[in-house]
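My notebook is open and the viewer is running. I'll jot down what I look up, one topic at a time.

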Amino acid sequence: MAQSAQSSTETDWVSRFADEVIAEAERRAPGKAVVVASGLSPSGPIHLGNLREVMTPHLVADEIRRRGFEVRHLISWDDYDRYRKVPAGIPGIDESWAQHIGKPLTSVPAPAGSAYPNWAEHFKAAMVEALAELGVEYDPISQTEQYTTGVYREQVLHAMKHRGDIDAVLDQYRTKQKPGGKKPQQKQVDEAELEAAEGSGAAAEDDGSSAEGGYFPYKPYCGQCGKDFTKVTAYDDETTELTYVCTEDEFTETVALSEFNRGKLVWKVDWPMRWAFEGVIFEPSGVDHSSPGSSFQVGGQIVHIFGGEQPIGPMYAFVGISGMAKMSSSKGGVPTASDALKIMEPQLLRWLYARRRPNQSFKIAFDQEIQRLYDEWDKLEAKVADGSVLPADAAAHARAVRVASHDLPRTPRPLPYRTLASVVDITAGHDEQTLRILTDLDPTQPLTSLEEVRPRLDRAENWITTQVPADQRTLVREDADAELLSSLDDAGRESLRLLLEGLDSHWSLDGLTTLVYGVPKVMAGLEPDAKPTPELKVAQREFFALLYRLLVTRETGPRLPTLLLAVGADRVRKLLAA
């Protein structure tokens, strides 16, 4: 059985989880909609690691929906979490925002110049737009709204009534204080977990423990300063009368918790409460939640206090960026889903999440690697079209290009990404020149409009202009390098003559490919279609380096056939005529 499960996972992990979730839903709540969930904290830019928190249940929910079941994908916006710190590198904010630390994210001003009313809405907006582009269907839940309108009132009162039971569960995982009054290991684990989990729902809250006055799993926001530097000092189960003191401004208040809506359950209680309240069957969690005493593990016991069960929840691994360390949304400049969708089509981004099991880490390319990824994607598309694709690859492709209700919009004529990038690099995005060059790629099927290659063309242009350093951009020479041309020997001049002589008869992408690789063969006394030898490959590299130096001043650049098309036959003759 174990072997079968492993094999199924390798074939299509989404189908395997869908099988499990449907079976579990029928056991727990037959006849009801299947509920899967994600949690996102808009404490800063919601990065591509956080996107896995959404894409994993989305893909499973979409598979369940394809099978004809009713399914709800809840996304809880943890916008009632506390504002922890001022993130670095965010435009429109400065250290003055430190005065808001401890307030709910929806009570913190948005960065200067923002069109949104508060911090949470500002950082939610880009993710909402990205999820729409990715085809993710979901039911949004604002935790600010849930708490401040009293939706969770009975759950809060229940948690306070059973605080002793909750405390007993949490106490199993608390590290006992060591001689000397230090807890070095626990501090390191907690900080690492909170840092890694920020943005995935694990806000930096304590678990409600108190050295004095007993344990209380509820934390009010202060009625005077609006922050959560508060400590509950007394609570009466019969009257629900609660007294707290704020350590920030020494404000004290006594309220009736049965009528009070300005506070929330601490995180390790809040999360399992929601599982029970919403009837969640499936919710993944990051690796930070899998350590002893983590939110997911502890929640699996606390959820029973609320009369619920822990969801099926795979651990998902981190998502990296080519050339960058593990992401944390507490640091500025971390790529988000919106950033990725500026340089790649939704299908490619969906595919990156669909083709890897949740426990497999992977990287998303913002560097030159994106060209290789696109090549790999185009090869997959070709295999799907001719029927040679493997089942697991076919499943990942199907999940990338469509959701249960519709196909995602796609580029009508998906020319190679690296070709488009090279062309817009050389033309600096000039539409008329771009159309001329792309039309010449294949004269038998000329483009009639750039709309045929959009939106892929726009993504490639964005990549060139935002991700490629200026010193790596292609600048075509204005005038011929007379000094270099005059220094060439007879063989060098002959190779350029052969190239120029063949331009007109080879003026297409395939034709120029044959020509530039064929010139060194002819120079060696071989046929243009001769198989390359190690010596011939050396000669080809030398020839290519010469062409680059004469055309773009460097010894490398875009693929030569594309470069020649982009420069144009007349200008090539001007720059290469020895």
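**Two tryptophans**

Are W271 and W275 buried or exposed? I looked them up, and W271 is buried, as is W275. This is a predicted model, so I keep in mind that I'm reading a prediction. Both tryptophans belong to helix α8, which covers residues 267-278. They sit four residues apart there, about one turn of the helix.

**Aromatic rings**

Next I asked how many aromatic pairs there are, and the count comes to 19. W271 and W275 make one such pair: the ring centres are 4.9 Å apart and the planes are at 55 degrees, so I wrote the pair down as tilted. My reminder to self is that a pair of rings is described by the distance of the centres and the angle of the planes. I also found an aromatic cluster, formed by Y80, Y147, Y152, Y221 and F277.

**The overall picture**

I stepped back to look at the whole protein. I noted 22 helices and 14 strands. Of its 578 residues, 52% count as buried. Then I checked the contacts with a separation of 6 or more: residues 24 or more positions apart account for 71% of them.

**A sheet of three strands**

What is the order of the strands in the open sheet of three? I traced it as β1-β2-β3, and the pairing is parallel. β1 (34-40) and β3 (139-142) are at the edges with a single partner strand each, so each has one side without a neighbour in the sheet. Neighbouring strands here are turned against each other by 25 degrees on average, direction ignored.

I looked at one pairing in detail. β2 takes in residues 71-77, and it pairs with β3 in the parallel sense over four bridges. Across that pairing, W77 stands opposite S142 in β3. I then found helix α2 (residues 48-66) lying across β1 and β2. The helix runs at about 165 degrees to β1.

**A hairpin**

Strands can pair the other way too, as my general notes say: either parallel or antiparallel, through backbone hydrogen bonds. For the antiparallel sense I picked β6 (residues 241-246) and β7 (residues 252-256), which pair over five bridges. L242 in this pairing stands opposite V255 in β7. The hairpin has five residues between the strands. In that hairpin, I noticed that E250 takes a positive phi near 60 degrees.

**Cysteines**

How many disulfides does a search of the whole structure find? It finds zero. I wanted to know why, so I went to some of the cysteines. For C222, the closest cysteine sulfur is in C225, at 3.7 Å, and that is too far for a bond because the cut-off is 2.5 Å. C246 tells a similar story: its sulfur is 3.7 Å from the closest cysteine sulfur, again in C225, which is too far for a bond. I checked burial as well. C222 has a relative accessible area of 1%, so I list it as buried. C246 is buried too, with a value of 0%.

**Salt bridges**

My last topic was charges. Side chains of opposite charge can pair when their charged atoms come close. I get a count of 41 salt bridges.

- E24 and R27 form a salt bridge, and their closest N and O atoms are 2.5 Å apart. Both lie in helix α1 (residues 2-28), three residues apart, about one turn of the helix. With a relative accessible area of 17%, E24 is buried.
- E376 and R372 form another, with the closest N and O atoms 2.9 Å apart. Helix α12 (residues 369-386) holds both, four residues apart, about one turn of the helix. Here I found both partners partly exposed: E376 has 28% relative accessibility, and R372 has 38%.
- D481 and R477 meet through their side chains at 3.1 Å, N to O. D481 counts as buried at 18% relative accessibility.

Some salt bridges share partners, and I followed one set of them. D12, D19, E63, R67 and R399 are joined into one network that way.

Key
Residues are numbered from 1 along each chain as its sequence is written. This is a predicted model: local features need pLDDT of at least 70, side-chain atom pairs count only at pLDDT 80 or more; totals for chains, interfaces and linings use all residues. Side-chain values use heavy atoms; hydrogens and water are left out. Two strands pair if DSSP finds at least two bridges between them. Helices (H or I, at least four residues) and strands (E, at least two) are DSSP runs, numbered from the N terminus. Buried means under 20% relative accessible area, exposed over 50%, partly exposed in between (1.4 Å probe, protein chains only). Axes are lines fitted to C-alpha atoms, for helices over the stretch in contact, and angles run from 0 to 180 degrees between N-to-C directions. Contact means heavy atoms within 4.5 Å. A salt bridge is a side-chain nitrogen of Lys or Arg within 4 Å of a carboxyl oxygen of Asp or Glu. Rings of Phe, Tyr and Trp (its six-membered ring) pair if their centres lie within 6.5 Å; planes under 30 degrees apart count as stacked, over 60 as edge-to-face and the rest as tilted.
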